[in-house]
Amino acid sequence: MNIRDIILPREKTKNLRWFDVVIITLILFGKFIVISTQMYLDTLKPAVEAAATAVTEVATEVAEATTEVSSEGAAYSSNLSFQAKMLAIVFIYLFIRNFDFKQIPFKLNLKVIPQYLVLFFIMGLSADILYMIFDNGYNYFTAESLSHIDLTSVIPKFTALSGVAIIYSLLNAFYEEFYFLGLLGTVNQKYKWPVLVFSTIIRTSFHTYQGMASALIIGIFFGLLYYVAYRKFIKNLLPVVLVHSMADMFGSGLIYILQRW
């Protein structure tokens, strides 16, 4: 097999190669990893320097918001546009590589709703526990907190979201899970453990701006939860994308979402 056949295969590409993974990772997450790392490192600076940096960043953000944000939800527009472009580039790259998209299941069927609900419940309840223990989060398991649960409260929260916020959450969820579960899942299975470790590191790396504890919860626990659910049980990308998008819209916690507020 010559180099041309490796880069431009005539037959459908079933297994992504190491260079495919590197190129796609840099396209989709290179910018986010750099920005997240910079923001995390800023939190490690001396208090005075960090405070000065925070003031500068806030001033910059306010200035940008004043000049660029013109409607409700427009704060999502920049990331939405960037991610849409990067995703388009990756799809073009995969078409050039003659990638077999059919091997990534993304199906709308009757199983999606129960699969979504079960995974959402597991993710949300786990998030409430993990953030409380490891990230000094709020304790939602008090009698006072539980007394405010109202299943119907999800509806007004959802309708209060702007259209662009919903679109961005869905796009971002697909953007990440198409890569982590879909594309990385096509790497030759004899490398599945190194790839799983790699995917955990990448997923953690662009969430460090939220703090290292939160990044590790997202990268390790949520990453492995989605991986096991997708590979062993659901075998369909759609329910995982929907659960992820809900976390982007409202946060990962279950009780928080179900409470009246």
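What follows is a short exchange about the helices, spaces and surface of a predicted model.

Biologist: What makes up the chain, helices or strands?

Modeller: There are 12 helices and zero strands. Read along the sequence, the pattern is α-α-α-α-α-α-α-α-α-α-α-α.

Biologist: How much of the chain is buried?

Modeller: Buried residues make up 43% of the 261 residues. A residue counts as buried when its relative accessible area is under 20%.

Biologist: Why is isoleucine 149 called partly exposed?

Modeller: Its relative accessibility is 34%. Buried means under 20% and exposed means over 50%. The value for isoleucine 149 falls in between, so the residue counts as partly exposed.

Biologist: Where does isoleucine 149 lie?

Modeller: In the loop between helix H6 (143-146) and helix H7 (154-159).

Biologist: What makes isoleucine 149 eligible for a nonpolar patch?

Modeller: A patch residue needs over 30% relative accessible area and no salt bridge. Isoleucine 149 has 34%, so it clears the area cut-off. Ile149 is listed in the patch with Ile129, Ile133, Phe134, Phe141, Leu146 and Leu151. Together they have about 650 Å² of accessible area.

Biologist: Which helix gives the most to that nonpolar patch?

Modeller: Helix H5 (residues 112-134), with three residues.

Biologist: How many cavities does a search of the whole structure find?

Modeller: One of 30 Å³ or more. About 180 Å³ of space lies in the largest cavity.

Biologist: Why is a space like that called a cavity and not a pocket?

Modeller: In a cavity, a 1.4 Å probe fits but cannot get out, whereas a pocket is open; therefore an enclosed space takes the name cavity.

Biologist: What lines the largest cavity?

Modeller: There are 18 lining residues, and Phe180, Val195, Leu196, Ser199 and Tyr227 lie nearest its centre. Helix H8 (163-183), H9 and helix H10 (212-234) each supply at least two lining residues. H9 gives the most, with six. By class, the lining has eight nonpolar, seven polar and three charged residues.

Biologist: And what is the volume of the second largest pocket?

Modeller: About 300 Å³. Helix H2 (18-42) and helix H9 (192-205) are the elements that give two or more residues to its lining.

Biologist: How do you know which classes line the second largest pocket?

Modeller: The lining has nine nonpolar, two polar and one charged residues. Arg17 is in the lining, and Arg counts as charged, so Arg17 belongs to the charged class. Asn15 and Asn188 also line the pocket. Asn is not in the nonpolar or charged sets, so both count as polar. Among the nonpolar lining residues are Trp18, Val21 and Phe198.

Key: Residues are numbered from 1 along each chain as its sequence is written. This is a predicted model: local features need pLDDT of at least 70, side-chain atom pairs count only at pLDDT 80 or more; totals for chains, interfaces and linings use all residues. Side-chain values use heavy atoms; hydrogens and water are left out. On a 1 Å grid over the protein atoms alone, a cavity is a set of points where a 1.4 Å probe fits but cannot get out, and a pocket is an open set with protein on both sides within 12 Å along at least five of seven lines; lining residues have an atom within 4 Å of a point. Grid points are joined across faces, edges and corners, and a volume is the space filled by probe spheres set on the points. Helices (H or I, at least four residues) and strands (E, at least two) are DSSP runs, numbered from the N terminus. Patches are made of residues with over 30% relative accessible area and no salt bridge: like charges are joined within 9 Å, nonpolar side chains (Val, Leu, Ile, Met, Phe, Trp, Tyr) within 5 Å. Accessible areas come from the Shrake-Rupley method with a 1.4 Å probe; for residues, only the protein chains shown count as cover. A salt bridge is a side-chain nitrogen of Lys or Arg within 4 Å of a carboxyl oxygen of Asp or Glu. Buried means under 20% relative accessible area, exposed over 50%, partly exposed in between (1.4 Å probe, protein chains only).
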